[in-house]
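Work through the following exercises with the coordinates open, and attempt each task before reading its solution.

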Amino acid sequence: MLHSLRCGYYSYPWYKHPAVHDACCVAAMIDPTVFTTEKADIRVELAGRWTKGMTVCNFEKMGGMRHFGGTASEQVNFRHIVAMKLDHPKFCDLIVDALERLTRLKT
């Protein structure tokens, strides 16, 4: 089963590794420093000509987001925290440590 999952992900060139969304959420709760984050204003664009129904992110510290005088120029409530980069070694250590603890509990 894992082989099939891995092969499925590798058939798409933009996926280098399988998604581990749930494990990332748990890791962030255990150690928030596992991610590099940025503040953003996130909304669903309801009136846009090209982006209707899509999520629009305006990042506080990234230039070029306030374009065309559209909704991005109005998106200045940077209350959301977006994970931008995962510290892979730290993440893997958290997962391996958790699995080792589970294994010890069963013996």
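**Exercise 1.** Is R43 buried, partly exposed or exposed, judged by its relative accessible area?

*Solution.* The model is a predicted one, in which local features need pLDDT of at least 70 and side-chain atom pairs count only at pLDDT 80 or more, while totals for chains, interfaces and linings use all residues. Residues are numbered from 1 along each chain as its sequence is written, and side-chain values use heavy atoms, with hydrogens and water left out. Begin with the classes: buried means under 20% relative accessible area, exposed means over 50%, and partly exposed lies in between (1.4 Å probe, protein chains only). With a relative accessible area of 37%, R43 is therefore partly exposed.

**Exercise 2.** Find the side chain that meets R43 in a salt bridge, and state how that partner is classed.

*Solution.* First take the criterion, which asks for a side-chain nitrogen of Lys or Arg within 4 Å of a carboxyl oxygen of Asp or Glu. The side chain of D41 satisfies this with R43, at 2.9 Å from N to O. Next, D41 counts as buried, because its relative accessibility is 2%. Under this rule the count comes to one salt bridge. As background, side chains of opposite charge can pair when their charged atoms come close.

**Exercise 3.** Describe the order of the secondary structure, and then place E38 within it.

*Solution.* Helices (H or I, at least four residues) and strands (E, at least two) are DSSP runs, numbered from the N terminus. The protein has four helices and three strands, and along the sequence these follow the pattern α-α-β-β-α-β-α. E38 lies in strand 1, which covers residues 35-44, and E38 is partly exposed at a relative accessible area of 22%. Contact means heavy atoms within 4.5 Å; leaving out residues up to four places away in sequence, E38 touches F59, K61, H80, I81, V82 and M84. A further distance to check is that between the C-alpha atoms of E38 and M62, which are 24 residues apart along the chain and separated by 9.1 Å.

**Exercise 4.** Which residues does A27 contact, once its neighbours within four places in sequence are set aside?

*Solution.* Locate A27 in helix 2, residues 21-30, and note that A27 counts as buried, because its relative accessibility is 2%. The contacts that remain are with V34, F91 and L94. Of these partners, L94 is 67 residues from A27 in sequence, yet the C-alpha to C-alpha distance is 6.9 Å. For the protein as a whole, residues 24 or more positions apart account for 50% of the contacts with a separation of 6 or more.

**Exercise 5.** Identify the nonpolar surface patch that includes L102, and give its accessible area.

*Solution.* Patches are made of residues with over 30% relative accessible area and no salt bridge, with like charges joined within 9 Å and nonpolar side chains (Val, Leu, Ile, Met, Phe, Trp, Tyr) within 5 Å. L102 has its place in helix 4 and is partly exposed, with a relative accessible area of 49%. Together with L99 and L105, L102 forms a nonpolar patch on the surface, with about 340 Å² of accessible area in total, where areas come from the Shrake-Rupley method with a 1.4 Å probe and, for residues, only the protein chains shown count as cover.
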